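Subject: Structure for you to look at

Hello,

Here is the structure I said I would pass on. Please open it next to this email and follow along.

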Amino acid sequence: MRKAHAVVFGMLLPATCLAQSVFDGTWRPDPERPSHQEPESALLTQGQYECPSCKPPYKVPADGQDHPIAGNPYYDTLKIAIIDDHTITKTAKKNGKVGMETKVTVAADGAGKTEVQTLSGVAPVPIELTAKYKRISAAAPGSHRVSGAWQMLEFDVSNHAEDTTFKVSDGALSMSDKMGRSFTAKFDGAATPYKGSDEFNGVSVKLIDDRTIEESDLHDGTVVKISRWTLAADGQTIHARFDDTHGHIQEQDGHRVK
């Protein structure tokens, strides 16, 4: 079970500029290409689906029926349905309500697979995630083609639910996105409310230079994430650097869509 993680792209306005900021508009994260993702493994054989790499691991019948899953905070039942020898679907529920639907399709040559996952109830709109994998170990003899070990190559919010709109005005940055998150913060580093997020309830922003902004996201007054964006010379692309304050750094690019 993945949680759509919150990629937000920012903009800035030089203090001496009174015209519309070149950072105003809507920005879209480019697909991620993880470099440190742990491999995933699965085994589907004799009517049973097993995920030893999941946290926590589980094993359920692949009979198209809901079955209880213990220890998972996101859902309490899981349904695995075999569509054909290259395709399965997964439906996860919490208290009887669908929270995740996934279609897993293995390529004809068996060397890759694509997972399209739709998350419901975590944002005002459904979030569609598409992940692409390469096979790193063969399926067990006689098992379904989804079996084996897989390494993620690419991960994307494919219905663009993370498209983010920015407006700079009166020395402040306003942010809103399709997931219902928003804030308006002055470029003076003072904390202001962050709305619509289950991770942050405060935010502050600073102008580092005329092409870089720094945002500090807070939870109950404590900084839990620091993000920096650097605008490219073409004005159409931006580089983001995310620091979770615990030693994990993520970098990603984005581009202007309007």
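Let us start with contacts across the chain. Among contacts in the protein chain with a separation of 6 or more, 37% join residues 24 or more positions apart. Keep in mind that this is a predicted model.

**The whole chain**

The chain has 258 residues, and 44% of them count as buried. Its secondary structure comes to zero helices and 20 strands. Along the principal axes, the C-alpha atoms fill a box of roughly 70 × 40 × 30 Å. The chain exposes about 13,000 Å², and carbon and sulfur atoms supply 52% of that area. Now the charges. There are 29 positive and 35 negative side chains. The centres of these two sets lie 3 Å apart.

**The open sheet**

Next, find the sheet of 10 strands. It is open, and its pairing is antiparallel. The order is E14-E13-E12-E1-E20-E19-E18-E17-E16-E15. Which are the edge strands? They are E14 (182–186) and E15 (192–193), and each of them pairs on one side only.

Look at one pair inside this sheet. E12 and E13 (residues 172–177) run antiparallel and are joined by six bridges. One bridge to pick out on screen sets Ser169 against Ala172 in E13.

**Asp163**

Asp163 sits in the loop between strand E11 (148–157) and strand E12 (164–169). Is Asp163 buried or exposed? It is buried, because its relative accessible area is 7% and the cut-off for buried is under 20%. The side chain of Asp163 makes a polar contact of 2.7 Å with the side chain of Arg28. Now leave aside the neighbours within four places in sequence. Asp163 is then in contact with Thr26, Trp27, Arg28, Ser176, Asp177, Lys178 and Val257. So Arg28 turns up twice, as the polar partner and in the contact list, while Asp163 itself is buried at 7%.

**Glu214**

Move on to strand E17 (residues 212–219), where you will find Glu214. Glu214 has a relative accessible area of 16%. That is why Glu214 counts as buried. Which side chain does the side chain of Glu214 meet in a polar contact? It is that of Arg228, at 2.8 Å. Not counting residues up to four places away in sequence, Glu214 touches Ser204, Val205, Lys206, Ile208, Ile226, Ser227, Arg228 and Trp229.

**Glu199**

Glu199 lies in the loop between E15 and strand E16 (202–209). Its relative accessibility is 36%, so it counts as partly exposed. Now find His219. Glu199 and His219 are 20 residues apart in sequence. In space, they are 7.0 Å apart, C-alpha to C-alpha.

**The hairpin of E3 and E4**

E3 and E4 form a hairpin with six residues between them. E3 (residues 48–51) runs antiparallel to E4, and four bridges join the two. Tyr49 has Val60 in E4 as its bridge partner.

Now follow the side chains along E4 (residues 58–61), which alternate. Tyr58 and Val60 point to one face and are buried. Lys59 and Pro61 point to the other face and are not buried.

**E6, E7 and E8**

End with strand E7 (residues 87–94). How many of its eight residues are buried? Six are, and the strand is mostly covered.

E7 pairs with E6 (residues 77–84) in the antiparallel sense, over seven bridges. E6 and E7 form a hairpin with two residues between them. In this pair, Ile82 has Ile88 in E7 as its bridge partner.

E7 also runs antiparallel to E8 (residues 97–106), and eight bridges join them. Thr91 stands opposite Glu101 in E8. The hairpin of E7 and E8 has two residues between the strands. In that hairpin, Asn95 takes a positive phi near 55°.

That is the tour.

Best wishes

Terms used:
Residues are numbered from 1 along each chain as its sequence is written. This is a predicted model: local features need pLDDT of at least 70, side-chain atom pairs count only at pLDDT 80 or more; totals for chains, interfaces and linings use all residues. Side-chain values use heavy atoms; hydrogens and water are left out. Buried means under 20% relative accessible area, exposed over 50%, partly exposed in between (1.4 Å probe, protein chains only). A polar contact is a pair of N or O atoms within 3.5 Å; within protein, one must be able to donate a hydrogen and the other to accept it, and residues adjacent in sequence count only if both atoms are side-chain atoms. Contact means heavy atoms within 4.5 Å. Two strands pair if DSSP finds at least two bridges between them. Accessible areas come from the Shrake-Rupley method with a 1.4 Å probe; for residues, only the protein chains shown count as cover. Lys and Arg count as positive and Asp and Glu as negative; His and the chain ends are not counted. The place of a charge is taken as NZ of Lys, CZ of Arg, CG of Asp or CD of Glu.
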